[in-house]
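Please look over the chain shown here. The briefing below takes one loop first, then the whole fold, then single helices and residues.

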Amino acid sequence: REANVEMARELEALVEEWKRLVIAGGRQRQPDHIALVLQHLGPMPPAERPRERALWVAALINPLPALGVAMEIRPAALAARSTAEALGVVLAGIRGSIGHLNGTAPLW
């Protein structure tokens, strides 16, 4: 349980970096796209609810309409058999998207 909370805590800084890169890089599909997605999602669940936080991050980086800046991770996160597995999927997904956005590891 504590390991899951620690993994969930890692997501906070990653989400902030991801949002910054999407907005500063002009990757929003419409004006204030990220703000609208965040309004629909509500606040990020606390790290003490790690599975909920993982699913929230999956929804953020794979919104509808799509941003086209991350691999599709929602099905894998939802199908994960454990919280640790869901967190692993989401951490890999957001790190991959950050690498794509900052140019260090393009996804395509």
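Pro 65 sits in the loop between α3 and α4. The peptide bond that joins Leu 64 to Pro 65 is cis, with omega at about 0 degrees. The model is a predicted one. The points below are grouped by topic.

**Overall fold**

- The protein chain has five helices and zero strands.
- Along the sequence the pattern reads α-α-α-α-α.
- A compact globule of 108 residues would have a radius of gyration near 13 Å, and the protein chain agrees because its own value is 13 Å.
- Along the principal axes, the C-alpha atoms fill a box of roughly 40 × 30 × 25 Å.
- Take contacts between residues at least 6 apart in sequence: 65% of them join residues at least 24 apart.

**Surface and charge**

- Of the 108 residues, 40% count as buried.
- The accessible surface of the protein chain is about 5,800 Å².
- Carbon and sulfur atoms account for 57% of that surface.
- The protein chain carries 12 positive and 11 negative charges.
- The mean positions of the two sets of charges lie 5 Å apart.

**The loop between α3 and α4**

- Besides Pro 65, this loop holds Ile 73.
- The loop runs between α3 (50–61) and α4 (74–79).
- Is Ile 73 buried or exposed? Ile 73 is buried, because its relative accessibility is 6% and the cut-off for buried is under 20%.
- Leaving out neighbours within four places in sequence, Ile 73 is in contact with Ala 58, Ile 61, Asn 62, Val 89, Val 90 and Gly 93.
- Leu 87 is 14 residues from Ile 73 in sequence, and their C-alpha atoms are 11 Å apart.

**Helix α2 and its two ends**

- Ahead of this helix, Asp 32 lies in the loop between α1 and α2.
- Phi of Asp 32 is near 60 degrees, a positive value in a residue other than glycine.
- Asp 32 counts as exposed, because its relative accessibility is 55% and exposed means over 50%.
- Helix α2 covers residues 33–41, and its buried residues are His 33, Ile 34 and Val 37.
- Why do these buried residues line one face of the helix? Seen down the axis of α2, they fall within an arc of 95 degrees, so they share one face.
- The buried residues of α2 pack against α1 (2–24) and α3.
- Gly 42 follows α2 and has a positive phi, near 80 degrees.

**Ile 34 in α2**

- Ile 34 is part of helix α2.
- Ile 34 counts as buried, because its relative accessibility is 1%.
- Which residues does Ile 34 touch, not counting those up to four places away in sequence? They are Trp 18, Lys 19, Val 22, Ile 23, Gln 28 and Leu 67.
- The C-alpha atoms of Ile 34 and Leu 60 are separated by 8.2 Å, with the two residues 26 apart along the chain.

**Helix α5: Val 90 and Thr 83**

- Val 90 belongs to helix α5, residues 83–102.
- Val 90 is buried, because its relative accessible area is 0%.
- Setting aside neighbours within four places in sequence, Val 90 is in contact with Leu 11, Ala 54, Val 57, Ala 58, Ile 73 and Ala 77.
- Ala 58 appears in the contacts of Val 90 and also in those of Ile 73.
- Val 90 and Ala 59 are 31 residues apart in sequence, with C-alpha atoms 9.8 Å apart.
- Thr 83 also has its place in helix α5.
- Thr 83 touches Asn 4, Pro 50 and Arg 51, not counting residues up to four places away in sequence.
- Between Thr 83 and Glu 52 there are 9.0 Å in space, C-alpha to C-alpha, and they are 31 residues apart in sequence.

Conventions
Residues are numbered from 1 along each chain as its sequence is written. This is a predicted model: local features need pLDDT of at least 70, side-chain atom pairs count only at pLDDT 80 or more; totals for chains, interfaces and linings use all residues. Side-chain values use heavy atoms; hydrogens and water are left out. Helices (H or I, at least four residues) and strands (E, at least two) are DSSP runs, numbered from the N terminus. The radius of gyration is taken over C-alpha atoms; the globule rule is 2.2 Å times the number of residues to the power 0.38. Buried means under 20% relative accessible area, exposed over 50%, partly exposed in between (1.4 Å probe, protein chains only). Contact means heavy atoms within 4.5 Å. Accessible areas come from the Shrake-Rupley method with a 1.4 Å probe; for residues, only the protein chains shown count as cover. Lys and Arg count as positive and Asp and Glu as negative; His and the chain ends are not counted. The place of a charge is taken as NZ of Lys, CZ of Arg, CG of Asp or CD of Glu. The arc is that of the directions from the helix axis to the C-beta atoms.
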